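Open the model in your viewer and keep the selection panel at hand. The tour goes from the whole chain to the core, then to the ligand.

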Amino acid sequence: MARAAAYPDKMNPIGNSVGYDIRPIQPDDRDRMIGLFNHLSPHSRYLRFAHAVSQLPDDFLEDILHLDYKNELALVAVIQTKNLSEEIIGIARYVSLPSEHTCEFSLSVSDDYTHQGIGTHLMQSLIRSAKENGLKKMLGYVLHSNTKMLQLVVDLGFEIQQPKLEASPDFKTVSILL
Ligand SMILES: CC(C)(COP(=O)(O)OP(=O)(O)OC[C@H]1O[C@@H](n2cnc3c(N)ncnc32)[C@H](O)[C@@H]1OP(=O)(O)O)[C@@H](O)C(=O)NCCC(=O)NCCS
């Protein structure tokens, strides 16, 4: 299986005010991922997972920590803490779908660090990586009520699809050609 080492250790962020780096997730990020989850309010968790989640499920953690970095990739935004360890403050992930060259994204930023461009920056990096990995289309399902996320992806060039009749009325599908 490919490892994170296939990527540069760091990507240089542009225009960030809190001094974070964006890097691929690593298998030893388990505690840092739990830390990020603990910095999401119940409402933010609901917006991300579309249902109430009080604890990150073990199988979710196992999946996200062991990706092949091509068909599935997660990028994390990290800051250095005072004791020189890392804290994850945001994550963007894509998972390839069975339909050829298409992937589905998800995004979360710690409630302590929103409105600083980190979510946008993570998505820009994720889009770039998906293109480099040969994917042609990225899509996502965003709750109708999540106007902030809808605006974020529209600003990045995503289109909001007309809902299909059989689709859930709670979600909007957004997509972009890569
Ligand atoms: C939605 C979410 C990912 C946005 O993350 P974020 O890091 O706050 O996103 P950004 O900072 O890039 O953009 C958000 C807003 O901050 C603004 N902004 C960006 N940089 C800024 C800066 N330096 N100073 C002030 N505002 C800034 C953006 O213009 C945008 O404004 P808008 O909401 O009026 O359009 C985050 O709130 C979150 O994790 N929510 C819960 C989970 C979720 O909804 N996930 C999506 C489901 S797939």
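Start with the protein chain, a predicted model. Colour by burial: buried residues make up 27% of its 178 residues. Next, switch to a cartoon. The chain has 5 helices and 7 strands. Follow them from the N terminus, and the order reads β-α-α-α-β-β-β-α-β-α-β-β. Now turn on contacts between residues at least 6 apart in sequence; 62% of these join residues at least 24 apart.

**The core**

Which residues touch the most other members of the largest nonpolar core? Select Ile89, Leu122 and Leu126 within this set of 32 residues. Then show the elements that each supply at least two core residues: helix H1 (30–38), strands E2 (72–80) and E3 (86–96), plus E4 and H4. In soluble globular proteins, nonpolar side chains tend to be buried together.

Zoom in on Ile89. Leaving out residues up to four places away in sequence, Ile89 touches Tyr20, Leu36, Ala77, Val78, Ile79, Val109, Ser110, Tyr113 and Ile118.

**The ligand**

Centre on the ligand and select the 22 residues around it. Leu47, Thr114, Gly117, Gly119 and Thr120 come nearest. Two or more shell residues come from each of helix H2 (42–49), strand E4 (102–109), helix H4 (118–132), strand E5 (137–143) and helix H5 (147–155). Colour the shell by class: 13 residues are polar, 7 nonpolar and 2 charged.

Last, select E4 and H4 once more. Both give at least two residues to the core, and both give two or more to the ligand shell.

Notes. Residues are numbered from 1 along each chain as its sequence is written. This is a predicted model: local features need pLDDT of at least 70, side-chain atom pairs count only at pLDDT 80 or more; totals for chains, interfaces and linings use all residues. A residue is near a molecule or strand if its C-beta atom, placed from the backbone, lies within 6 Å of it. Helices (H or I, at least four residues) and strands (E, at least two) are DSSP runs, numbered from the N terminus. Ala, Val, Leu, Ile, Met, Phe, Trp, Tyr, Cys and Pro count as nonpolar, Asp, Glu, Lys and Arg as charged, and the others, Gly among them, as polar. A nonpolar core is a set of buried Ala, Val, Leu, Ile, Met, Phe, Trp, Tyr and Cys residues joined through C-beta atoms within 7 Å. A residue is buried if 20 or more other C-beta atoms lie within 10 Å of its own, exposed if 12 or fewer, and partly exposed in between; C-beta atoms are placed from the backbone. Two residues are in contact if their C-beta atoms, placed from the backbone, lie within 7 Å.
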